[in-house]
Each structure stands twice: as C-alpha cells, then as structure tokens.
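Here's a quick briefing to read with the model open beside you. Take it one topic at a time, and look for each part as it comes up.

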Amino acid sequence: MRPHIEPFCDRDVRFKNMRLPGFATGMRYKMLSFDPETGGCTMSVQLDAGYRQAPGFSWGERELTVIEGELQVGDRTCRKGHYFFLPAGYALPEVRSDKGCLVLEMHNTGEPSHEESTEHHPQAQVDLYHDVDSFMDIPWAMGNVTKPSVAAGCLIKLLNYNPISHAMTFLYCMAPGFWQDNISYHDCAEESYHLWGTSWMMQFGDIPTGGYFWRPAYINHGAFASEFGCIALGRTDSKLFNHFHYNPWSTPVENADRSLARIYQRDPLLYKWAFSKDHNHPHGPEDFEQTMKRRGDEDGHDTEHASDGHRHDHWHGHHHSDHDSPHRHPLDEPHDDHHE
Ligand SMILES: [Fe+2]
C-alpha cells in the first residue's frame, strides 16, 4: 500500500537520474508516491532534449501523460495533455523527445521496467490500449460521474475506466471561483497531479501547479475552493463514491465504519453474508452522522442539554428495553442511554 502523501509539490524536490536497467539516459524523475510491496509508483519525469528510448514494453500497467513540451512516439508528435493507457506488455515504438519534455508516469501494478521489443508480449491485453490528446480531443463534461456529486463547476474528462474495479483516470478542472463546502472521503485511494493552477482544501491548504497527492481511502478532504481555476489529472484505484458530511473531526476508522454502516442500512443481506462473521450484530457499525451530538432543536427539544439531565448523544433505530426484538444483541450489556 502507498502511504498518504499530502500536501506535496514536485517543484520542491530535485530530479534524480533514472538508473534502472533498460531505460535510456536523459531520463530524470521525481518520485511522487511509491508502493514498497509492488514497486508501483507515480513519477514526474523530465526527458532531456535528444532522449531516445528503444521500442519495448513495461511488465506492468502504465499510464503516461505529457505535461509540457513534445514527445515523439513513433512518427507521431504528442503535446501537453496527451494521455496513453498502456496495458502490461504493450510495446510502444521508439519514443523520443527532440527538444525535451515533462511527463507524468504512473506505474500502477509494479515497478517501472522496460523490455526492449518491437512486439507486444503474447499475453498483453492489447485491446485495452488507448491514447488521446485529452486537451484538444475530449470536451469537458459534468463532474457528476458519481452521485452524490461534486459541486457544479468541477468538470471532468474521463480518460480510462476499468469496468471490473470501476477504477478511473480522468482529467478534472475547477472553474475560477469554484467552491464546495462539504467534507468528502471515499472507499478508494485517490491520486491527483495538478497540471496547472491552484486549488485549496481545508485540511491540506493550497495545491499549486506540480502539486500532488496520494490519499488512501477514508481520509477527510474538503471543503474545496479554487480562486483562479486549475486543471489536474486524477485517478482512483477502485469505485469512487462520495461520502459527504460536515464533521471535520471524524477519523479514518470512523469514516470506514460509516461506509460499512451505509452498506448495512442499504444492502442488509449483502452486509449479513459478507461482513457479519460471527453473528448479526443488531447495531451494525456506527454511522457517526446518525449518532453524533447535534445542536439545536430536534424532536422539539434541545438534544444537547436534555431536561432529564442526561445527554441524548446516542441514536438507535430500536429500543433496548424491547426484549422481544429480533434484533436483541446476545451480548447485550448495559448502555448509558435513555430512550424509554
Ligand atoms: Fe476526493
């Protein structure tokens, strides 16, 4: 697993020479995130003028995006915003940069490798290959690929979609003056590189051009804003669902419990068979949105300062005193709440 990297900006560190076997000279990299178990990583890479890489393939899945300058791939010239999805074993022709360029390299499944070859590996899933000039050849679309959605003014261009895992790679932009006032977390890891412009998050501050994050699941992020707008490349490693809330203090464990609670409430049979190992826990995991203390009038009384002297800080959908309840917990212990 890759650790949480955030905030981070690649402009704050220096390039190192790439010395792995198989790679041509004139390739320098900044490591943005790294998975010590698989060798998977994301790097911003400077290819010096005159760089030439012989035809060949990577042993792992790779995504390549031109950030600045021109990259020649075979007889094509690819400019900033050009995106390549390269399944493992997919051979590219000679890659050159006559004047030098900056690219973003994502190695999703294993360490960077280059096997010289003019043929694809026989087991490569060549049909998955695609490339596109994402700046020029795809229009911006509404950001609501998932619901509940980001606020209007955050637009996307979908670049890659895995129909099994629902992992996505996408370009996204925030319009100047964009803001979104809620807090978000996901059940997937989320990765972003700012190609241009600055956005802001309550927890991590400004992400400028060259800013990057690798954010594991369940970490709060947001509210969001961008004063002058930004364009970024984003990626998730599985299905993106926006769990929105307004509790800046919730922990990743509480956020994960809340995700599970939402499965428990929405798909109870799935929860029962998939998650409930020993017995069907009547409470299920905790959704802090439902159990947190709330201020103000709820059910006609002040929930924070109850008139009986006890705080109503614990919400349940059933009564503990109801001993006929099929939901009665076999390990029921005295609870410090007063719903009767
Ligand atoms: Fe997010």
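In this predicted model, seven strands make up an open sheet, and their order across it is β2-β3-β4-β12-β7-β10-β14, with antiparallel pairing. The edges belong to β2 (16-17) and β14 (130-133), each of which pairs on one side only. Strands of a sheet pair through backbone hydrogen bonds, either parallel or antiparallel.

**How the strands pair up**

- Let's start with β3 (residues 27-34), which runs antiparallel to β4 and is joined to β4 by seven bridges. One of the pairs to look for is methionine 27 with its bridge partner in β4, leucine 47.
- The hairpin of β3 and β4 has six residues between the strands, and glycine 39 takes a positive phi near 85° there.
- β4 also pairs with β12 (residues 101-107), in the antiparallel sense and over seven bridges. Here glutamine 46 has leucine 102 of β12 as its bridge partner.
- Further along the sheet, β7 (residues 62-69) and β10 (residues 82-86) pair over four bridges, again in the antiparallel sense. Arginine 62 is matched with leucine 86 in β10.

**A closer look at β4**

- Is strand β4 (residues 41-47) largely enclosed or not? Seven of its seven residues are buried, so the rest of the structure largely encloses this strand.
- In a regular strand the side chains alternate between the two faces of the sheet. In β4, Cys41, Met43, Val45 and Leu47 point one way, while Thr42, Ser44 and Gln46 point the other way, and all are buried.

**The nonpolar cores**

- In soluble globular proteins, nonpolar side chains tend to be buried together. The largest nonpolar core in this model has 23 residues, and the members that touch the most others are Leu47, Leu71 and Val103.
- Who supplies this core? β3, β4, β7, β8 (71-73), β10 and β12 each give at least two residues. The largest share is four residues, and it comes from β4.
- Valine 103 is a good one to click on: leaving out residues up to four places away in sequence, its contacts are Met43, Ser44, Val45, Leu47, Leu64, Thr65, Val66, Ile67 and Leu71.
- There's also a second, separate core of 17 residues, with Ile156, Met201, Ile207 and Cys230 among them.

**The iron site**

- Which atoms coordinate the iron ion? They are NE2 of His186, two OE atoms of Glu190 and NE2 of His221, at 2.1 to 2.5 Å.
- Along the chain, these donors follow the spacing H-x3-E-x30-H. Glutamate 190 is in strand β20 (residues 190-197) and histidine 221 is in the loop between β23 (211-215) and β24 (224-226); they sit 31 residues apart, so the pair links distant parts of the chain.
- Both glutamate 190 and histidine 221 are buried.
- The geometry is irregular, with angles of 54 to 145° among the four donor atoms.

**Cysteines without bonds**

- A disulfide is a covalent bond between the sulfur atoms of two cysteines. How many does this structure hold? Zero disulfides.
- Why is cysteine 101 not bonded to cysteine 78? The sulfur of cysteine 78 is the closest cysteine sulfur, but at 9.5 Å the two are too far apart for a bond. Cysteine 101 is buried, with a relative accessible area of 3%.
- Cysteine 230 is in no disulfide either, and the nearest cysteine sulfur, in cysteine 173, is 7.4 Å away. Cysteine 230 is buried too, with a relative accessible area of 2%.

Notes. Residues are numbered from 1 along each chain as its sequence is written. This is a predicted model: local features need pLDDT of at least 70, side-chain atom pairs count only at pLDDT 80 or more; totals for chains, interfaces and linings use all residues. Side-chain values use heavy atoms; hydrogens and water are left out. Two strands pair if DSSP finds at least two bridges between them. Buried means under 20% relative accessible area, exposed over 50%, partly exposed in between (1.4 Å probe, protein chains only). Donors are N, O and S atoms within 2.8 Å of the metal (3.2 Å for Na, K and Ca); water is not among the atoms, so sites may look incomplete. Four donors count as tetrahedral if all angles lie between 85 and 135 degrees; four count as square planar and six as octahedral if opposite donors are over 155 degrees apart and all others between 65 and 115; anything else is irregular. A disulfide is a pair of cysteine sulfur atoms within 2.5 Å. A nonpolar core is a set of buried Ala, Val, Leu, Ile, Met, Phe, Trp, Tyr and Cys residues joined through side-chain atoms within 4.5 Å. Contact means heavy atoms within 4.5 Å.
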